[in-house]
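Student: Got a minute to go through a model with me? I'd like to start with the overall fold and then look at some side chains.

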Amino acid sequence: MTNALLMSSSRMGNMNYLQHADEQIHRLLQHKKQSILFIPYAAVTFSFDDFEAIVKPVFNALGYELTSIHHFSDPVAAVKQAQAIAIGGGNTFALLKRLYDANIVELISQRVKYESIPYMGWSAGSNVATPSIRTTNDMPIIQPPTFNALNICPFQINPHFISGKPIGHNGESREERLNEFLTINPMEELIALYEGTALFIENDHGTILGEQNALWLRGPNKIEEIATNKPFKLNMIKGVQ
């Protein structure tokens, strides 16, 4: 039984950090008293201590304990003992490399998919929950050993989705970049998540949470919407074959 919450972003509009996600987090953790292992490896320009100081009060206020993995001398043992796992946003390439360096990629995947411990991620933490990080928006500032990720969600996600181009911008839009992925990988599809929305996974079903529908990109320029709060079978979206 897989239980996961993959959030597009840590903020929505002018709201505080994860403030928009209170009910989404409770839906995953079900108000049960439990200790969450936080993985801050996506942080680049600020310390892991600083990242924990941002996230910990949010979860404490919701009734959950949270401790960052960097306080443990053995990250493998920390993951083995975790009751729930949360991975924050930042740079996806740095995050995935550090997960591999700590030798916990396969372990996290196994614990979530086969031991049913809750997983939540936002931004980069959602990117690494998919089969690979090929649909992240981030720059490859460092090279992980592979793009292969946790594969908790069986298909690709694009968080922080924003449609169109700002005035004066002559580079590719997000739609154009994702069309490139779909052209190169015609056997795959993906979901694009607007800010403040999330994909909630319960075993083989998914539900879009938030105020906006998700976009289901089925091929170049082939876009459908997935309505909020209406469960769907995860296998209706094509993942890695």
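**Fold and side chains**

Tutor: The protein has 7 helices and 12 strands, where helices (H or I, at least four residues) and strands (E, at least two) are DSSP runs numbered from the N terminus. This is a predicted model, in which local features need pLDDT of at least 70, side-chain atom pairs count only at pLDDT 80 or more, and totals for chains, interfaces and linings use all residues. Residues are numbered from 1 along each chain as its sequence is written, and side-chain values use heavy atoms, with hydrogens and water left out.

Student: How compact is the protein for its 241 residues?

Tutor: As compact as a globular protein of that length, because its radius of gyration is 17 Å, close to the 18 Å from the globule rule. That radius is taken over C-alpha atoms, and the rule is 2.2 Å times the number of residues to the power 0.38. The C-alpha trace spans about 45 × 40 × 35 Å along its principal axes.

Student: And what percentage of the residues is buried?

Tutor: Buried residues account for 53% of the 241. Buried means under 20% relative accessible area, exposed over 50%, and partly exposed in between (1.4 Å probe, protein chains only).

Student: Switching to the start of the chain: is Thr2 buried or exposed?

Tutor: Thr2 is buried, at 9% relative accessible area. It sits in the segment before β1 (3-7).

Student: Which residues does Thr2 touch?

Tutor: Leaving aside residues up to four places away in sequence, Thr2 touches Val112, Lys113, Ile152, Ile201, Glu202 and Asn203. A contact here means heavy atoms within 4.5 Å.

Student: OK, aromatics now. How many aromatic pairs are there?

Tutor: The whole structure has 8. Rings of Phe, Tyr and Trp (its six-membered ring) pair if their centres lie within 6.5 Å; planes under 30 degrees apart count as stacked, over 60 as edge-to-face and the rest as tilted. Tyr17 and Trp122 are edge-to-face because their planes are at 80 degrees, with ring centres 6.3 Å apart.

Student: Where do those two sit in the chain?

Tutor: Tyr17 is in the loop between β1 and α1 (22-29), while Trp122 is in strand β5 (residues 119-122), 105 residues apart. Both Tyr17 and Trp122 are buried.

Student: What about Phe46 and Phe51?

Tutor: Also edge-to-face, since their planes are at 80 degrees, and the centres are 5.3 Å apart. Phe46 is partly exposed at 34%, whereas Phe51 is buried at 2%.

Student: Which residues do the ring pairs link into a cluster?

Tutor: Tyr17, Phe38, Phe46, Phe51, Phe59 and Trp122.
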